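Visitor: I would like a close look at a single part of this model. Please keep it brisk.

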Amino acid sequence: MNQASLISSSGTIQDAKRQTKSFALSDVYAQRAIARIAESDCPVLIVGEHGVGKRSIAVQIHAQSHRSRSLFTEIHSADADPQTLVSALSTKGTVYLTEIGGLSLSLQELVISSYFRSDRMQGCHLVCSASHDLLEEVKAWRMREDFYYLVAVITLRISPLRYRKSEILSIADELLTQYSKQFDRPKPVLREEIIGYLMEHTWPENLPELQTAIKTFVAIGDQSISLAALKAAAPTGNRNGNGRPLSLKEVTRAASIQIERQLISEVLIKTRGNRKRAASELGISYKALLYKLKRDGTERPPASNGNGVAL
């Protein structure tokens, strides 16, 4: 379908509506759908929470198309300006316009007039993304209705990771291979408790959070400590992909605290609760030990079993 046939100066919104198609992209049909879309010149709208892999899909569409040797240009809608936008749309590659709900009304008009209604601007493939339903933007008059139906000729709706449980272990396995090579370490075999965590966790930050989790298991090595660290540093946001991102630095710090807590506990048991001796064996001051015990909520010494042996 040629872009110019989508709308003309006498075209209507109803014409554009009749040509739109919406698909929910599941793991079973993902690659097949991407391959079919890559063959087309129709505009594509990818909808899904932050971190579900919208950019990855846009890149795959470009890589599998006849434009693969041309430029892949990514523009964040909120930062777009007329000159950059017109210049990108005049290329022969793929233009990926992210978070299109942030595109101003004036720039929406510019795209309509210079791209959809111009014979001179039919070279690139327009791929857009959004993290929420854009019809709400249309209802609120923040997005032109004709613009929405023009860019959403094909709409891919990507489910968040918490609804794609069947994919988690296969993605995790690929990441284990990737990070084992990156850190030059043997590929770990995940224990049952780790697998249980991967399947039960809601993954509010979607793929980036899963990537950090797997990187932690490989980088730290000890799976029990890694799991405790991940739980301690879990995102504090809600379940719509808009929480605080989880970083490897935070998880590593949580892992260090977990290792330190375990070591202190073992030394206190060894010294039968004698904090001064424990501090000496740990190579820290008595004051520092008290601070760490208070931080961990373990100010009281280990209990004794009545025979002078601490429990």
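Which residue stands opposite Thr 94 in β4?

Guide: Phe 72 stands opposite Thr 94. Bear in mind that this is a predicted model.

Start with the strand. Thr 94 belongs to β4, which covers residues 94–98. The partner strand is β3, residues 72–76. Five bridges join β3 to β4, and the two run parallel. Between them the chain passes through helix α4, residues 82–89. This β-α-β crossover is right-handed.

Now the residue itself. Thr 94 has a relative accessible area of 0%. The cut-off for buried is under 20%, so Thr 94 counts as buried. Its side chain makes a polar contact with the side chain of His 62, at 2.7 Å. His 62 is also among the residues that Thr 94 touches, leaving aside those up to four places away in sequence. The others in that set are Arg 67, Leu 71, Phe 72, Thr 73, His 125 and Val 127. Phe 72 therefore appears twice in this picture: it stands opposite Thr 94, and it is touched by Thr 94.

Follow the chain out of β4. Glu 99 sits in the loop between β4 and α5 (105–116). Its phi is near 45°, a positive value in a residue other than glycine. Most residues other than glycine have a negative phi. Glu 99 is buried, at 17% relative accessibility, because the cut-off is under 20%.

A second positive phi belongs to Asn 206, at about 60°, and this residue is not a glycine either. Asn 206 lies in helix α10, residues 206–220. At 1% relative accessibility, Asn 206 counts as buried.

Last, the cysteines. The structure holds zero disulfides. Take Cys 124: the closest cysteine sulfur is that of Cys 128, 9.6 Å away. A disulfide needs the two sulfurs within 2.5 Å, so this pair is too far apart for a bond. Cys 128 is in no disulfide, and its nearest cysteine sulfur is that of Cys 124. Cys 124 is buried, with a relative accessible area of 0%. Cys 128 is buried too, at 0% relative accessibility.

Back to the starting point: Thr 94 in β4 is buried, faces Phe 72 across the strand pair, and holds a side-chain polar contact with His 62.

Technical notes
Residues are numbered from 1 along each chain as its sequence is written. This is a predicted model: local features need pLDDT of at least 70, side-chain atom pairs count only at pLDDT 80 or more; totals for chains, interfaces and linings use all residues. Side-chain values use heavy atoms; hydrogens and water are left out. Helices (H or I, at least four residues) and strands (E, at least two) are DSSP runs, numbered from the N terminus. Buried means under 20% relative accessible area, exposed over 50%, partly exposed in between (1.4 Å probe, protein chains only). A polar contact is a pair of N or O atoms within 3.5 Å; within protein, one must be able to donate a hydrogen and the other to accept it, and residues adjacent in sequence count only if both atoms are side-chain atoms. Contact means heavy atoms within 4.5 Å. Two strands pair if DSSP finds at least two bridges between them. A crossover is right-handed if, with the strands pointing away from the viewer, the path from the first strand over the helix to the second runs clockwise.
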